[in-house]
Amino acid sequence: MEDTLADPPAPTPAENQLPPDDVAAIDELGKTYAALRAELGKAIIGQEEVIERLAICLFARGHALLMGVPGLAKTLLVSSVAQTLDLNFNRIQFTPDLMPADITGTDIIQESGVGGRREFEFVKGPVFSNIVLADEINRAPAKTQSAMLEAMQELKVTVLGRTYDLQPPFFVLATQNPVEQEGTYPLPEAQLDRFMFLIEVDYPSSDEEKEIARATTGSSSPKLNHLLNGEKVLAYQALVRRVPVPEHLYDYAVSIVRKTRPGTPESPQWVRDLVAWGAGPRAVQYLILGAKARAALRGNYMASMDDIEAVAPSVLSHRVITNFAAESQGMTSKKVVERLIEEMRNA
């Protein structure tokens with residue numbers, strides 16, 4: 001790795017200074033995030049890292065894919081996040097018989113009331129919401145999954161040749177079960193690339209599992225309070241985009257993404273041996289946005305190397321496609337990314 005990555009030059013004052021209003025707004029965002037975690041803690045035991053990843057995606061205008069075995073409260077976590085935000089929320093349960101119109105909506109014939117005439121009226125589907133939970137997204141065929149693509153990328157849907165805009169903020173949280181493969185359809189790479197983060201939800205610790213049992217076998221579930229409305233979320237999203245990023249972090253983001261591509265001269269030999277396809281340019285964008293959002297949530301006024309290294313596994317793991325040689329050695333995409341981060345840290 002080049003020296004500029006390991007020992008960056010000192011940033012100029014213009015690079016690392018925010019206007020006083022933005023400094024105060026970041027302080028406010030940090031307090032709001034702490035309150036959000038405390039509120040979610042009423043319903044969710046543990047999973048602090050997962051909650052942070054979800055918050056990063058929310059304030060960076062990204063979408064998240066949660067992967068974990070059944071029973072790890074993925075759906076509860078998403079619905080709890082929706083409860084803490086004063087936003088519209090819809091859940092779509094993906095099944096093999098789900099049709100694209102079940103997501104986007106469709107035209108129906110209605111009486112116009114004028115001379116008994118009939119005309120088509122568009123009935124909006126559940127995708128017309130601020131927060132959309134796509135539950136078990138890999139249980140629907142690709143044709144149905146593709147109905148989400150335009151909404152996720154363009155904030156609009158097209159039905160029968162007519163385009164309808166979605167109201168921002170728009171946040172898609174999808175869940176996926178990695179163990180039940182019967183009756184599932186793998187997500188296309190183009191759709192995976194639309195998700196800012198792949199968030200792995202792991203088993204709770206022994207103490208957390210005991211607390212889960214105590215909290216969920218009582219008489220009632222806690223009611224969560226609204227902490228943010230849509231206007232405030234949009235303001236924080238704009239604030240995150242203004243967080244300064246030192247030049248060496250841009251160099252790092254470009255460098256690590258290019259190293260994942262076996263066809264580029266920057267990639268190590270072991271990557272060429274184990275990786276079929278690397279990450280695209282969208283990964284660079286999400287590395288920078290993720291670092292900005294993480295810094296802001298932690299009350300920092302500038303993104304750091306710790307921030308970009310922390311978000312790199314979630315950004316890159318689902319964008320690196322390993323080959324058969326990697327599978328035979330037990331080398332997963334996540335391990336490839338972790339090894340690249342370690343090599344660049346020690347270079």
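A cavity is a set of grid points where a 1.4 Å probe fits but cannot get out, and its lining residues have an atom within 4 Å of such a point. The exercises below apply this to a predicted model.

**Exercise 1. Determine which helix gives the most residues to the lining of the largest cavity.**

Solution.
Step 1. Establish what there is to examine. The structure holds one cavity of 30 Å³ or more, and the volume of the largest cavity is about 60 Å³.
Step 2. List the lining. The residues around the largest cavity are Leu36, Leu40, Ile51, Leu54, Ala55, Leu58, Val81 and Phe171.
Step 3. Assign these residues to elements. Two elements give two or more residues each, namely helix H3 (20–40) and helix H4 (48–59).
Step 4. Conclude. H4 gives the most, with four residues.
Step 5. Add the chemical class. The lining of this cavity has eight nonpolar residues, and neither polar nor charged ones are present.

**Exercise 2. Describe the overall make-up of the chain, and explain why it counts as compact for its length.**

Solution.
Step 1. Take the secondary structure: the chain has 17 helices and 13 strands.
Step 2. Compare the radius of gyration with the globule rule. The chain has a radius of gyration of 22 Å, close to the 20 Å that the rule gives for 347 residues, so the chain is as compact as a globular protein of that length.
Step 3. Add the extent along the principal axes. The C-alpha atoms fill a box of roughly 75 × 50 × 50 Å.
Step 4. Consider burial, for which the cut-off is under 20% relative accessible area. Of the 347 residues in the chain, 48% are buried.

**Exercise 3. Work out the strand order of the open sheet of five strands, and follow its pairings.**

Solution.
Step 1. Write the order: S3-S6-S9-S1-S10, with parallel pairing.
Step 2. Identify the edges. Strand S3 (89–93) and strand S10 (197–200) each pair on one side only.
Step 3. Note the turn between neighbours. On average, with direction ignored, neighbouring strands of this sheet are turned by 20° against each other.
Step 4. Begin at S3. Five bridges join S3 and S6 in the parallel sense, and Ala134 in S6 is the bridge partner of Ile92.
Step 5. Continue to S9. S6 and S9 pair in the parallel sense over four bridges, and here Ala134 has Ala174 in S9 as its bridge partner.
Step 6. Proceed to S1. Strand S1 (residues 64–67) pairs with strand S9 (residues 171–176) over four bridges, also in the parallel sense. Leu66 stands opposite Thr175 in S9.

**Exercise 4. State how many residues of strand S6 are buried, and which way they point.**

Solution.
Step 1. Count. Five of the five residues of S6 (residues 131–135) are buried, and the strand is mostly covered.
Step 2. Separate the two faces. Ile131, Leu133 and Asp135 point one way from S6, whereas Val132 and Ala134 point the other way.
Step 3. Conclude. Residues on both faces of S6 are buried.

**Exercise 5. Characterise the largest pocket and its lining.**

Solution.
Step 1. Give the volume: about 700 Å³.
Step 2. Locate the centre. Among the 25 lining residues, Met67, Gln176, Leu198, Ser317 and Ser333 are the closest to it.
Step 3. Name the elements that give two or more residues to the lining: S1, helix H9 (189–192), S10, strand S13 (321–322) and helix H17 (333–346).
Step 4. Sort the lining by class. Eleven of its residues are nonpolar, ten are polar and four are charged.

Notes: Residues are numbered from 1 along each chain as its sequence is written. This is a predicted model: local features need pLDDT of at least 70, side-chain atom pairs count only at pLDDT 80 or more; totals for chains, interfaces and linings use all residues. Side-chain values use heavy atoms; hydrogens and water are left out. On a 1 Å grid over the protein atoms alone, a cavity is a set of points where a 1.4 Å probe fits but cannot get out, and a pocket is an open set with protein on both sides within 12 Å along at least five of seven lines; lining residues have an atom within 4 Å of a point. Grid points are joined across faces, edges and corners, and a volume is the space filled by probe spheres set on the points. Ala, Val, Leu, Ile, Met, Phe, Trp, Tyr, Cys and Pro count as nonpolar, Asp, Glu, Lys and Arg as charged, and the others, Gly among them, as polar. Two strands pair if DSSP finds at least two bridges between them. Axes are lines fitted to C-alpha atoms, for helices over the stretch in contact, and angles run from 0 to 180 degrees between N-to-C directions. The radius of gyration is taken over C-alpha atoms; the globule rule is 2.2 Å times the number of residues to the power 0.38. Buried means under 20% relative accessible area, exposed over 50%, partly exposed in between (1.4 Å probe, protein chains only).
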